[in-house]
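User: I've got a model open and want to talk through its sheet and its ligand site. Can you walk me through them?

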Amino acid sequence: MTTNTTNATAPAVRLAGVTKEFGDVRAVWGIDLALRPGEIVAFLGPNGAGKTTNIDMLLGLTKPTSGTVEVLGMEPRKAIARGLVSAVMQTGGLLKDLTVRETAAYMASLFADTRPVDEVLDRAGIAGLADRKVGKCSGGEQQRLRFAMALLSDPALLLLDEPTTGMDVEGRRAFWSAIRDDASSGRTVLFATHYLEEADQYADRIVLISQGQVVADGTGPQIRALASGRTIRAWLPDADVAAITALGGVDHVEVRGESVTIHAKDSDTVARYLLTATPARDLEITAKGIEEAFLSLTGQGESA
Ligand SMILES: Nc1ncnc2c1ncn2[C@@H]1O[C@H](COP(=O)(O)OP(=O)(O)OP(=O)(O)O)[C@@H](O)[C@H]1O
């Protein structure tokens with residue numbers, strides 16, 4: 001449904017059956033997603049997963065090949081024209097010789113109606129840097145300035161595309177603490193990242209995407225639980241993959257030459273089977289880390 005006014009009950013973001021093709025490339029391949037107002041959501045995925053393409057569609061910069069993209073119950077361009085959506089991009093757009101306050105004030109002068117400059121600098125945690133030249137600010141501080149500028153229109157939805165790339169740990173921490181403090185006022189935040197830890201630490205919800213599709217969607221603990229299994233490796237020529245797969249709690253079996261690798265929730269059952277019903281040797285059982293879960297969920301672990 002498209003309306004001319006902000007629809008308070010509409011999802012902050014709605015993607016329904018969205019695909020986007022660039023020639024032969026399927027950048028987005030059937031995404032259905034609804035974000036509730038006030039959620040902080042991470043779009044987590046490896047390079048080329050389709051994160052930027054989704055964000056570009058939400059910003060009205062590109063149209064889907066098929067499906068519906070809505071922001072606050074309306075077409076993205078309409079929501080943007082009303083100042084309901086802002087974005088923080090990775091680079092560009094800052095003049096080194098202006099001060100932090102001058103930069104935000106200049107941006108504010110382009111809009112008819114904005115929040116006060118000092119208020120947005122404060123929200124972004126850079127009020128103390130107001131008189132510093134942009135060229136003297138660190139990458140993280142410049143990014144918080146971009147965040148301050150994005151807040152000028154007091155947007156209901158804030159989109160951030162890999163906002164902390166290149167920042168050190170402290171810069172990242174300061175950046176996210178400003179975003180989180182601000183979001184407690186009810187703003188919806190959607191950020192793209194390929195840092196698992198960043199998604200886990202700062203998002204209420206993680207949408208894991210790979211090859212243009214949602215492969216997992218849940219809270220940090222739910223996504224971490226996907227990593228709760230064990231990996232069992234053993235020397236076992238002619239492994240009976242069907243028999244192993246049929247054991248309870250086995251997620252994945254991979255045979256390489258004379259060895260077999262099994263991902264399972266219940267490693268005891270698998271180990272017992274291997275040791276009693278097969279000639280398996282050299283058993284090795286390791287906890288599946290979240291990094292490994294991420295790689296296997298996004299299909300990157302297969303060639304590792
Ligand atoms: N304008 C374009 N023309 C052709 N192919 C494109 C275009 N934009 C994106 N793609 C392709 O679409 C796929 C998804 O790209 P996208 O930039 O959305 O991924 P991403 O998850 O943001 O990746 P990254 O983390 O590297 O930024 C990639 O295969 C990319 O090469």
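Analyst: Sure. One definition before we start: helices (H or I, at least four residues) and strands (E, at least two) are DSSP runs, numbered from the N terminus. Keep in mind that this is a predicted model.

User: Which element gives the most to the shell around the ligand?

Analyst: The shell includes Phe22, Val25, Ala27, Lys51, Thr52, Thr53 and His194. Two elements, β2 (25-35) and α1 (51-58), each supply at least two of its residues. The biggest giver, with 3 residues, is α1.

User: How many residues of that shell are nonpolar, polar and charged?

Analyst: Gly counts as polar here, and Gly45, Gly48 and Gly50 are among the residues surrounding the ligand. The split comes out as 4 nonpolar, 7 polar and 1 charged.

User: On to the sheet. Which strands stand at the edges?

Analyst: It's an open sheet of 6 strands with mixed pairing, in the order β5-β6-β7-β3-β8-β9. Two of them have a single partner strand each, so one side of each is left without a neighbour in the sheet. Those edge strands are β5 (85-88) and β9 (213-218).

User: What is the bridge partner of phenylalanine 43 in β8?

Analyst: Strand β3 covers residues 40-44 and runs parallel to β8, residues 205-210, with 4 bridges joining the two. Phenylalanine 43 is bridged to valine 207.

User: What angle does the direction of helix α5 make with that of β5?

Analyst: Helix α5 (residues 139-151) packs on the sheet, where it touches β5 and β6 (157-161). Its direction and that of β5 make an angle of about 170 degrees.

Conventions. Residues numbered from 1 in each chain as written. Predicted model: local features only at pLDDT ≥ 70, side-chain atom pairs only at ≥ 80, totals over all residues. Pairing = 2+ DSSP bridges. Contact = placed C-beta atoms within 7 Å. Axes fitted to C-alpha atoms, helices over the stretch in contact; angles between N-to-C directions. Near = placed C-beta within 6 Å.
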